[in-house]
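Dear colleague,

I am handing over the structure below, and after it you will find my notes on what turned up when I went through it. Please read them alongside the coordinates.

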Amino acid sequence: MNNRIVIDTNVFIGSLISPKGANREMIRLCLLGEYQPLMGNALFAEYEAVMERQEIIDKCRLDRDEREHLLNALVSASEWVEIYYSWRPNLRDEGDNHVVELAIAGNAKIVVTNNTKDFQRSELIFPDLEILTPIQLIN
């Protein structure tokens, strides 16, 4: 079974904001080894940048050290993947292309996101790559 996944930034940020729910459960399952999260330079930089936005900090119950601890724990559980070839699937949101590229480079079968619509209408089709919400993957 291939349990390699890419966790979109909105799922990680959702896990910081809410102490319960599918986003937090998804991160918990990764930390327990149920899924093998993949990490790359662009995704890591995006996680760091978004979690430091004031509107995220205002919504988050975790303090700075706790947020950093959770990110470090997820990174420690992740397999770091170098992307050597840019596929450029040309998604509606250009900023999401790196998520698909990471999944393809790391041989992931699933991208976990709360914004599945953002990954539709790709110019490049990857038939073995599923785009699922945390709820869909957990259930």
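**Strand pairing and helix packing**

Within strand S2, Gln36 is the bridge partner of Arg4. Please keep in mind that this is a predicted model. The pairing just mentioned belongs to strand S1 (residues 4-7) and strand S2 (residues 36-39), which run parallel and are joined by two bridges. On S2 there is also a pairing with strand S3 (residues 79-80), again in the parallel sense and over two bridges, where Met39 has Trp80 of S3 as its bridge partner. S1 in turn pairs with strand S4 (residues 110-112) in the parallel sense over three bridges, and in that pairing Ile7 stands opposite Val112 of S4.

Taken as a whole, the sheet is open and consists of five strands in the order S3-S2-S1-S4-S5, with parallel pairing. Strand S5 (130-132) and S3 stand at the edges, and because each has a single partner strand, one side of each is left without a neighbour in the sheet. Two helices pack on this sheet: H3 touches S1, S2 and S3, with its direction at about 90 degrees to that of S2, while H5 also touches S1, S2 and S3, its direction making about 100 degrees with that of S2.

These helices also meet one another. The axes of helix H3 (residues 41-51) and helix H5 (residues 64-77) come within 11 Å and cross at roughly 165 degrees, which means that H3 is roughly antiparallel to H5; the crossing in which H3 passes H5 is right-handed. On the H3 side the contact is made by Phe44, Tyr47, Glu48 and Met51, and on the H5 side by Arg67, Glu68, Leu71, Leu74 and Val75. Sorted by class, this contact of H3 with H5 comprises six nonpolar and three charged residues, and no polar ones.

One further residue of H5 may interest you, namely Ala73, which counts as partly exposed because its relative accessibility is 23%. Ala73 lies 43 residues from Cys30 in sequence, yet their C-alpha atoms are 9.7 Å apart in space.

Finally, how many of the nine residues of helix H1 (residues 9-17) are buried? Seven are, so H1 is largely enclosed by the rest of the structure; the buried residues are Thr9, Val11, Phe12, Ile13, Gly14, Ser15 and Leu16.

With best regards

How values were computed
Residues are numbered from 1 along each chain as its sequence is written. This is a predicted model: local features need pLDDT of at least 70, side-chain atom pairs count only at pLDDT 80 or more; totals for chains, interfaces and linings use all residues. Side-chain values use heavy atoms; hydrogens and water are left out. Axes are lines fitted to C-alpha atoms, for helices over the stretch in contact, and angles run from 0 to 180 degrees between N-to-C directions. Helices (H or I, at least four residues) and strands (E, at least two) are DSSP runs, numbered from the N terminus. Angles under 35 degrees count as roughly parallel, over 145 as roughly antiparallel, 65 to 115 as roughly perpendicular and the rest as oblique. A crossing is left-handed if the near helix is turned anticlockwise from the far one by less than a right angle, and right-handed if clockwise. Contact means heavy atoms within 4.5 Å. Ala, Val, Leu, Ile, Met, Phe, Trp, Tyr, Cys and Pro count as nonpolar, Asp, Glu, Lys and Arg as charged, and the others, Gly among them, as polar. Buried means under 20% relative accessible area, exposed over 50%, partly exposed in between (1.4 Å probe, protein chains only). Two strands pair if DSSP finds at least two bridges between them.
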